[in-house]
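Q: I have this model open on my screen and would like a close look at one part of it. Could you walk me through a single helix and what lies around it?

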Amino acid sequence: MESCYGRNDKETLIFPCAGASHVGQVTNRAAIELTLKGKGQMFCLAAMSARIEDKLKRAREAGRRIAIDGCEDHCARKTLELAGLAVDAHVVLTTELGMEKKPASPNMIGDSRRVVELAEQKMDQIA
Ligand code: SF4
């Protein structure tokens, strides 16, 4: 799996909020799964906050930016927008999939599959 190296002007970049709660960690797993399925490239949300110029440039040049948020705080979407980056598709686990925000992880694999399915549906709509 590629990481935050390299460059492809028309690539799809996937930004999970990667929060500490179960739903936050599910976003991370879903982003890995989407990347392994060839749906896009998981990318560094923290680099957007830190204003790392080469990462910001790659994000600006991407064909599509996908934000996956664990909860209604929408940290991934807001981080991208604060960096001047529009979000092309947005997935929210609590409000769209009814997942609970909690510290434990009773069903990481099953929950992640549901996120991948919803993200793929939304990505197909903007293809
Ligand atoms: S969107 Fe929710 S789960 Fe994700 S980092 Fe923000 S507060 Fe945490």
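A: Happy to help; here is a look at helix 4, followed by the cores and the ligand shell. Please keep in mind that this is a predicted model.

Helix 4 covers residues 75-82, and its buried residues are Ala 76, Thr 79 and Leu 80. These residues lie on the same side of helix 4, because they cover an arc of only 95 degrees around the axis. An α-helix has 3.6 residues a turn, so residues three or four places apart point the same way. The buried residues of helix 4 pack against strand 1 (12-16), helix 2 (45-49) and strand 3. Just after helix 4 comes Gly 84, with a positive phi of about 80 degrees.

Now for the cores. The largest nonpolar core has 19 residues, and those that touch the most other members are Ile 68, Val 91, Leu 93 and Val 115. Two or more residues each come from helix 1 (22-36), strand 3 (64-69), strand 4 (89-92), helix 5 (93-97) and helix 6 (108-125). Apart from this core lies another, of 15 residues, and Ala 76 is among them, as are Phe 43, Ala 47 and Ala 83. In soluble globular proteins, nonpolar side chains tend to be buried together.

Finally, the ligand. Among the residues that surround the ligand are Cys 75, His 74, Asp 73 and Cys 71, along with Asp 69 and Gly 70. Others around the ligand include Cys 17, Gly 19, Ser 21 and Lys 101. By type, this shell divides into three nonpolar, four polar and three charged residues.

Methods: Residues are numbered from 1 along each chain as its sequence is written. This is a predicted model: local features need pLDDT of at least 70, side-chain atom pairs count only at pLDDT 80 or more; totals for chains, interfaces and linings use all residues. Side-chain values use heavy atoms; hydrogens and water are left out. A nonpolar core is a set of buried Ala, Val, Leu, Ile, Met, Phe, Trp, Tyr and Cys residues joined through side-chain atoms within 4.5 Å. Buried means under 20% relative accessible area, exposed over 50%, partly exposed in between (1.4 Å probe, protein chains only). Helices (H or I, at least four residues) and strands (E, at least two) are DSSP runs, numbered from the N terminus. A residue is near a molecule or strand if one of its heavy atoms lies within 4 Å of it. Ala, Val, Leu, Ile, Met, Phe, Trp, Tyr, Cys and Pro count as nonpolar, Asp, Glu, Lys and Arg as charged, and the others, Gly among them, as polar. The arc is that of the directions from the helix axis to the C-beta atoms. Contact means heavy atoms within 4.5 Å.
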